[in-house]
Amino acid sequence: MTIIRHHARLAALASLIALTSGAGYAAPKKAADTGAAVRGKLVFERQCAACHGQGPGDDGSPRLPGTDALQRKYGGAMPGALEKRTDLNAEIIRTFVRHGSGPMPMFRKAELSDAAIDDIAAYLKVSSKP
Amino acid sequence: MAVLPPDLSAADFAKALAEFRAAIGPDWVFSSEDDLGPYRDSFSPVWDTQKERLASAAVAPANVEQVQAIVRIAGKYRIPLFPISTGKNFGYGGPSPNVTGSIVVDLKRLNQVLELDEARAFALVEPGVSYFDLYREIEARGLKLMIDCPDPGWGSPIGNSLERGIGYTMPSFRDHFGASCGMEVVLPNGELMRTGMGALPGSKTWQEYKYGFGPDPSGLFAQGNFGIVTKMGFRLYPRPDFYRTGLVTVPRRRDYVKLVEICNYLSDSMLCGEIVHGSPLAALMGKPDFAALATKLGGPSDADIDAAASAAGLPSWQVDLQFFGPEATTAANWAHAKDMILSAIPGAKAIDGDAFALPATPAQLENKTQPYRSGIRRHGALGVPSLGIWKIVRDDGHLGFFPVLPRSAEAVFEMQRVMCDALREFDKMPSFFNATTAPLHWHSYAFQMVYAPGVKRGDPAHNDMVDRAMHKAVTVAAAHGWGDYRAAPIYQDAVSDTYSFNNHALRRFHESLKDAVDPDGIIAPGRGGIWPKRFRKS
């Protein structure tokens, strides 16, 4: 399964990197893309996945709220799950994170830094590969 | 959109910002329009209007000493501060302040779980710790402890409890402020204070005996503005061995009177967790004839509702019960509940629900195996943080008005009728109050009902209607003795106005305290309807 393969690919690098998301977060300057993706996976899991993850929603809902909203919005033209999207670079993610969208509120730099958003983008590049 | 703090020139504001940068680092002082965008209330019905409350800057300290430094600098320039923890107080103002021009003190970087004690069942946390964080920490350490979290779970134990938020497990934990034990506070002069046993140097019981000696001022910091809470203790639920659910239905509307009485007994005797009340007749609200009956001016008669229920083959009311504890205890408590209800109410029926050992498996958390349509949200019931509830958020969010009412069916019927009639003019919104509206038994010893009109940022006329409806709801409810428990800054004065016994003696007392400890209004002036003399209208 795609997700399991990504887990295996990223897990091998996980022990190399200290991980946080907002507070005090700074991407190491020499980090390789894979390092950014590993950090981004952790940030995604902590900051995004509860709404935009691929698991089921609560109490019988087939999808989590953010994933479900995007699934309905795009009507199948694009995946509802962000981890399957191939079109999300850091600037696009930053726009939605900082400005929100409908029910999704804005996120502050103190809770999700620009560097963390860059890492999320790096992770989504990896996660969306078949 | 740039705004200045009250009574401060642009030049002095620039000086103050320079001092904040020197105190906490330039990366953690935010004053650009872009950076301040996320400090607006994304659920605001007054977005982009003169009524919207906007911050002039935000500062994000990393530790308590920096919080103290911020308060002292703010005092020097007489700048109001507005503290937030994780900033997720949506429906009640989000991270936005009471006073335009305030500087938001964003405490997200104070994010340490300082203590977790399994044997004595408590936690000591900082404000930036979310319920997700606390849950993860307990899981990572493998502790047999359960948290009681709100739904959604991205708020912080400190922020939520200071808003008097609630959860969904046992009564002694659902009241989050009630389950707190000991706090550390930066006072308006920058001094550090600890409450309860925390005031006794060397004490080891800060999270076990909340009172210490003498008056306990901790209540002043909930929905108040007397300091910035930087640490807070919470009692935790030793994780029960077993979880069991059951559903009870009663056929007639008036049966609900006895059902509520028995449920109160079960809850007050600590025999069960949150009782989720519901009317199966709510499923008929899509039918115009029934909707007309359920919203009839003056309220429908019992006979008419019973006839509609009978015709639809539905019971009039139901309660979802849930039990925690040893397996045998949960079985005995459920058997006792069934016996009490079925012997007292003719026609009542009981259905066994799920029963399993804790912690729940992922499949059990999905809540797909109840043999009936359940109103229980399983994540919340088991203290597992989730954002699944966000599916109910439409458009640009909603507001929250949750009037407190007595735990009796008569009070439920009265609120249904009074609020339905009063809000009838706002017929472009859903009828939150009708003959099927169920009470929430979230707070341990009171019912609440929910009024949560949606907000549409691009539709000012709609938002204006929502704003007027909120004010009317507050006023009408208060005229019947029902008060709101929590409000967004734009409604806090209106709600505070309704708590007016003896010519607002309570508010005048709070104002006296505020004038004494924070005459310049450095800490959140206006929060909770409490204004210092500097800001009070004569």
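A residue counts as buried here if 20 or more other C-beta atoms lie within 10 Å of its own, as exposed if there are 12 or fewer, and as partly exposed in between. Keep that cut-off in mind as you go round this predicted model, starting with chain A.

**Stop 1: chain A as a whole**

Select chain A and colour it by burial. Of its 130 residues, 40% count as buried. Switch to a cartoon view and you will find 5 helices and 0 strands, so to read along from the N terminus is to read α-α-α-α-α. Of the contacts in chain A with a separation of 6 or more, 59% are between residues 24 or more positions apart.

Next, colour chain A by pLDDT. The mean is 82, and 75% of the residues reach 70 or more. Now select residues 1-24 of chain A: pLDDT stays under 50 over this stretch, for which the model has 34 contacts beyond four places in sequence.

**Stop 2: Lys84 in chain A**

Stay in chain A and pick Lys84(A). You will find Lys84(A) in the loop between helix H3 (65-74) and helix H4 (90-99) of chain A. Is Lys84(A) buried, exposed or partly exposed? Lys84(A) has 17 C-beta neighbours inside 10 Å, so it counts as partly exposed.

Show what surrounds this lysine. Once neighbours within four places in sequence are set aside, Lys84(A) is in contact with Pro79(A) and Ser128(A). For a distance label, try the C-alpha atoms of Lys84(A) and Gln54(A): they are 9.2 Å apart in space, with the two positions 30 residues apart in sequence.

**Stop 3: where the chains meet**

Bring chain B into view and select the residues at the boundary. Here 32 residues of chain B are in contact with 26 residues of chain A. On the chain B side, the elements that give two or more residues are helix H2 (33-36) and helix H12 (378-381) of chain B. Colour that side by residue class and you get 8 nonpolar, 11 polar and 13 charged residues.

**Stop 4: chain B from a distance**

Hide chain A and zoom out. The secondary structure of chain B comes to 16 helices and 17 strands. Turn the C-alpha trace along its principal axes, and the spans are about 75 × 55 × 45 Å. How does the radius of gyration of chain B fit a compact globule with 538 residues? The rule puts such a globule near 24 Å, and chain B agrees with it at 24 Å.

Colour chain B by burial as you did for chain A. Buried residues make up 53% of the 538 residues. Among contacts in chain B with a separation of 6 or more, residues 24 or more positions apart account for 70%.

**Stop 5: a pair of helices**

Select residues 460-479 and 489-498 of chain B, which are helices H14 and H15. Their axes are 9 Å apart, and the packing angle is about 10°. Angles under 35 degrees count as roughly parallel, so H14(B) is roughly parallel to H15(B).

Add side chains to see which residues meet. From H14(B) come Met470(B), His471(B), Val474(B) and Ala478(B), and from H15(B) come Tyr491(B), Ala494(B), Val495(B) and Thr498(B). By class, this contact has 6 nonpolar residues, 2 polar and no charged.

**Stop 6: backbone details in chain B**

Now show the backbone as sticks and visit two prolines.

- Pro152(B) sits in the loop between strand S7 (145-146) and helix H5 (157-162) of chain B. The peptide bond leading to Pro152(B) from Asp151(B) is cis, with omega near 10°.
- Pro359(B) sits in the loop between strand S15 (349-357) and helix H11 (362-365) of chain B. A cis peptide bond joins Leu358(B) to Pro359(B), with omega about 5°.

Then turn to phi at two loop residues.

- Arg78(B), in the loop between helix H3 (64-77) and strand S3 (81-84) of chain B, has a positive phi of about 55° although it is not a glycine. Arg78(B) is partly exposed, because 17 other C-beta atoms lie within 10 Å.
- Met270(B), in the loop between helix H7 (255-268) and strand S13 (276-278) of chain B, has a positive phi near 60°, and it too is a residue other than glycine. With 13 C-beta neighbours inside 10 Å, Met270(B) counts as partly exposed.

**Last stop: Ala307 in chain B**

Finish by selecting helix H9 (residues 302-312) of chain B, where Ala307(B) has its place. Ala307(B) is partly exposed, as 13 other C-beta atoms lie within 10 Å. Draw one more distance, from Ala307(B) to Ala348(B): these two are 41 residues apart along the chain, and their C-alpha atoms are separated by 17 Å.

Notes: Residues numbered from 1 in each chain as written. Chains lettered and ligands numbered in written order. Predicted model: local features only at pLDDT ≥ 70, side-chain atom pairs only at ≥ 80, totals over all residues. Contact = placed C-beta atoms within 7 Å. Helix = DSSP H or I, 4+ residues; strand = E, 2+ residues; numbered from the N terminus. Nonpolar A, V, L, I, M, F, W, Y, C, P; charged D, E, K, R; others polar. Axes fitted to C-alpha atoms, helices over the stretch in contact; angles between N-to-C directions. Parallel < 35°, antiparallel > 145°, perpendicular 65-115°, else oblique. pLDDT = per-residue confidence, 0-100. Rg over C-alpha atoms; globule rule 2.2 N^0.38 Å.
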